[in-house]
Amino acid sequence: MIGLFGGSGIYEALDLEGVREEQVQTPFGDPSAPLSIGFLGETEIAFLPRHGRDHQFSPTDVPYRANVHALKQVGATRIVSSNAVGSLREDLPPRTIVVPDRIFDRTSKRTSSFFEGEAGEGIVVHTGFADPYCPHLTEHLAEAASDALTGNSDAEAGESTDDSADGAEGTETAAGGTYVCIEGPQFSTRAESDFYRAQGFDLVGMTAIPEAKLAREAELCYATLAGVTDYDVWHDREVSLEEVLENAAANRESITAALRRAIETLPEERDCDCEHAIAGAINTPAEAIPAETRDRLSVLVGDYL
Ligand SMILES: [Zn+2]
């Protein structure tokens, strides 16, 4: 099963079959919305609108832990997320679809681990996060996006495909890039935007962290289709919500096409290390972990304790 985080427009456009709704309760509270679970061909898809059905959760307030846990609970092994992002590069104009492979975390107010706070009391887990996105799922998504949107599957990491591609949509895609995740909900200041560009970052968004961290802790593959909505503010102009929403609507179609292709061609077996991400990462001896914590976190650590 594949979990999807995104906007409701993408879910509707996917037109899943045999859809059922599941209200999942997790040790971390309620997810943003009930899950919608259905089939795309042979593949079962569990969809969750990250910001809630009425877009009521700000990037800071999204119940990230409940969302990722809910997908794990219903049996998802991989998560594909879709994001609206600002571009920090002239050659990644609005309406480009990018599959980033690096993240720089600038958030400050989010709980980004299952293993902290009250719910994770008494257990310490240090998970590897050098490559925050699943390398295989990322490569697969980038190829699917390129195939579906430009007909060109030879894009190199970090480079956008040339704009003469004559695919059905004529949409540019790019493989690789650094996504800097800001706290929001305000957009960046000009000084911040200039700083990110000076670092060589490519995209700016508000939700990859802690989603990617939690997916890793839950041993789920995680990758992102990011739709560029604007040039952030380095381009010497203000970002307006109106512009962002217009481009997001256009991106929705591209992301849906890429997603459909990716799901149709995704190998059933996972060929990566994500499913063993916390093997050897639990730093607390099993006998020292409180019984209530072990119970509460059994979906995540049950195989190891
Ligand atoms: Zn993986």
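Where is Pro185 found? Select Pro185 and look at its surroundings: the residue sits in the loop between strand 10 (178-182) and helix 4 (190-198). Bear in mind that this is a predicted model.

**Stop 1: the bond before Pro185**

Add Gly184 to the selection. The peptide bond from Gly184 to Pro185 is cis, and its omega is near 0°. Most peptide bonds are trans.

**Stop 2: strand 10**

Step back along the chain to strand 10, residues 178-182. Is this strand enclosed or open? Of its 5 residues, 4 are buried, so strand 10 is largely enclosed by the rest of the structure.

Now show its partners. Strand 7 (residues 102-106) pairs with strand 10 in the parallel sense, over 5 bridges. To see one contact point, select Asp105 and Cys181: Asp105 stands opposite Cys181, which belongs to strand 10.

Next, select strand 11, residues 203-205. Strand 11 also runs parallel to strand 10, and 3 bridges join the two. Pick Tyr179 and look across to strand 11, where its bridge partner is Leu203.

How does the chain get from strand 10 to strand 11? The path goes through helix 4, and this β-α-β crossover is right-handed. Colour strand 10, helix 4 and strand 11 in one shade to follow the route.

**Stop 3: Pro210**

Move on to helix 5, residues 208-217, and select Pro210, which has its place there. Then add Ile209. The peptide bond from Ile209 to Pro210 is cis, with omega near 10°.

**Stop 4: Glu219**

Go to the loop between helix 5 and strand 12 (221-230), and select Glu219. Check its backbone torsions. Glu219 is not a glycine, yet its phi is positive, about 60°. Most residues other than glycine have a negative phi.

Is Glu219 buried or exposed? Glu219 counts as buried because 20 C-beta neighbours lie inside 10 Å. The cut-off for buried is 20 or more.

**Stop 5: His55**

Finish with His55, in the loop between strand 4 (43-49) and helix 2 (64-73). His55 too has a positive phi, about 50°, although it is not a glycine.

Is His55 buried or exposed? Inside 10 Å there are 12 C-beta neighbours, so His55 counts as exposed. The cut-off for exposed is 12 or fewer.

Keep His55 and Glu219 selected together for a last look. His55 is exposed, whereas Glu219 is buried.

Definitions and conventions. Residues numbered from 1 in each chain as written. Predicted model: local features only at pLDDT ≥ 70, side-chain atom pairs only at ≥ 80, totals over all residues. Pairing = 2+ DSSP bridges. Right-handed = clockwise from strand over helix to strand, strands pointing away.
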